[in-house]
Amino acid sequence: MSQAPGELPVVNESQKRREEEALERRMAEIRHKLLVLSGKGGVGKSTVAANLAVSLSRAGKHVGLLDVDVHGPSIPGIMGLEGQSPALLGEEILPVGVNERLAVMSMGFLLASGRDAVIWRGPRKYGAIQQFLKDVFWGPLDYLVVDSPPGTGDEPLSVAQLVGGGAEAVVVTTPQRVAIADVRRCVAFCEAVSLPVRGIVENMSGLDCPHCGKRVDLFGSGGGRALAEEMGVPFLGAIPIDPAVVVSGDAGAIPSDPAGQTPAARAFDAVVGAILEGHGGQKE
Ligand code: ADP
């Protein structure tokens, strides 16, 4: 990279066009792009993005996990990659490899401190996201899973515009009725930016009691499915509240569950099954 992310280079029109073409070429190497979105923070968007990427790689796909949440990049922590600094190859940034089928790139690897991004204003942030998408060298990928900034403001808008054609949204919600307005806004946002919705994932959907094994619906249940039906978008599945998710999220231990044995990991595999089916099945 010739300048730090967020630093706006002085560009003329032909330079700008070249940058856009470079970004298009980069994105053309990726077969499927899934933008993980949520109407608001705290619903488990980053957790879902990370687990979908792990589960897709477990299903044999070549996957990139990209965290463009400039204000609170949480993927390095969730994936146990905090403090990593990606290698540079000329102008290109090499993502951090987790295994032979999964690589990760986060704004968090490049920001010297959490305060760096907070002071960026609109165009500077757009420039940073564009440069980031353009400069990361993934090579050919089956899936790029993007942990987008939360909400439906300028930042997710920049990401949706820059990632370009062929991307699809995975909308994460929780089961409560109060989440409905957020999901509606999120689906309307996708329509406004011509981003097809691959489906809705209901997270924190019940807890299997460790003592009696019965399901306890702490936040209610079925809200995600009902919403999906109401809005005419696919329902991809429900992820239970799983203490293993909290532990692995805090300890950055997701990759240590490669076999997918926890209730949440099994639920993520089911969601990935639904995604793959929609893309022509496992053999695509
Ligand atoms: P967001 O990206 O929407 O802000 P996070 O993915 O950071 O949300 O999740 C918020 C918190 O909730 C984290 O501590 C995470 O470990 C926890 N969490 C998310 N999903 C689950 C789940 N299915 N079971 C248990 N804890 C979860």
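At 57% relative accessibility, Pro123 counts as exposed, where exposed means over 50% relative accessible area, buried means under 20%, and partly exposed lies in between (1.4 Å probe, protein chains only). Welcome to a predicted model, in which local features need pLDDT of at least 70, side-chain atom pairs count only at pLDDT 80 or more, and totals for chains, interfaces and linings use all residues. Residues are numbered from 1 along each chain as its sequence is written, and side-chain values use heavy atoms, with hydrogens and water left out.

**The chain as a whole**

- The secondary structure comes to eleven helices and twelve strands; helices (H or I, at least four residues) and strands (E, at least two) are DSSP runs, numbered from the N terminus.
- Of the 284 residues in the chain, 50% are buried.
- Take the contacts between residues at least 6 apart in sequence: 79% of them join residues at least 24 apart. Here, contact means heavy atoms within 4.5 Å.

**Pro123, our starting point**

- You will find Pro123 in helix α6, which covers residues 122–135.
- From Pro123 to Asp154 is 31 residues in sequence, and 9.9 Å in space, C-alpha to C-alpha.

**Helix α2**

- Helix α2 runs over residues 45–58, a count of 14 residues.
- From its first C-alpha to its last, α2 reaches 20 Å, close to the 20 Å expected at 1.5 Å a residue. The expected span of a helix is 1.5 Å times one less than its number of residues.
- Because twelve of its 14 residues are buried, α2 is largely enclosed by the rest of the structure.
- The buried residues of α2 include Val48, Ala49, Leu52, Ala53 and Leu56. Polar names such as Ser46, Asn51 and Ser55 are also among the buried residues of this helix, with Gly and other residues counted as polar if they are neither nonpolar (Ala, Val, Leu, Ile, Met, Phe, Trp, Tyr, Cys and Pro) nor charged (Asp, Glu, Lys and Arg).
- Just after α2 comes Gly60, with a positive phi of about 95 degrees.

**Val145 and its surroundings**

- Val145 sits in strand β7, residues 141–147.
- With a relative accessible area of 0%, Val145 is buried.
- Val145 and Val36 are 109 residues apart along the chain, yet their C-alpha atoms are separated by 7.1 Å.
- Setting aside neighbours within four places in sequence, the contacts of Val145 include Ala49, Ala53 and Leu56, three residues that are also on the list of buried residues in α2.
- Other contacts of Val145 include Leu34, Val36, Val63 and Leu65.

**Helix α11**

- Helix α11 spans residues 263–278, giving 16 residues.
- Its reach from first C-alpha to last is 23 Å, close to the 22 Å expected at 1.5 Å a residue.
- Among the buried residues of α11 are Ala264, Phe268, Val271, Val272, Ile275 and Leu276.
- Gly280, just after α11, takes a positive phi of about 100 degrees.

**The cavity**

- A search of the whole structure finds one cavity of 30 Å³ or more. On a 1 Å grid over the protein atoms alone, a cavity is a set of points where a 1.4 Å probe fits but cannot get out, and lining residues have an atom within 4 Å of a point.
- The largest cavity has a volume of about 50 Å³; grid points are joined across faces, edges and corners, and a volume is the space filled by probe spheres set on the points.
- Its lining includes Ser38, Lys40, Val172, Thr174 and Asp182.
- Strand β8 (167–173) and helix α8 (180–192) each supply at least two residues of that lining.
- The lining residues divide into four nonpolar, four polar and two charged.

**Loops with points to look at**

- Ser194 lies in the loop between α8 and β9, and at 65% relative accessibility it counts as exposed.
- Although Ser194 is not a glycine, it has a positive phi of about 55 degrees.
- Met204 belongs to the loop between β9 and β10 and is partly exposed, with a relative accessible area of 26%.
- Met204 is another residue other than glycine with a positive phi, near 60 degrees.
- Ser205 is found in the loop between β9 (197–202) and β10 (207–208), and at 5% relative accessibility it counts as buried.
- The side chain of Ser205 makes a polar contact with the side chain of Glu202 at 2.8 Å. A polar contact is a pair of N or O atoms within 3.5 Å; within protein, one must be able to donate a hydrogen and the other to accept it, and residues adjacent in sequence count only if both atoms are side-chain atoms.
- Beyond its neighbours within four places in sequence, Ser205 is in contact with residues including Pro175, Arg215 and Ile239.

Conventions. On a 1 Å grid over the protein atoms alone, a cavity is a set of points where a 1.4 Å probe fits but cannot get out, and a pocket is an open set with protein on both sides within 12 Å along at least five of seven lines; lining residues have an atom within 4 Å of a point.
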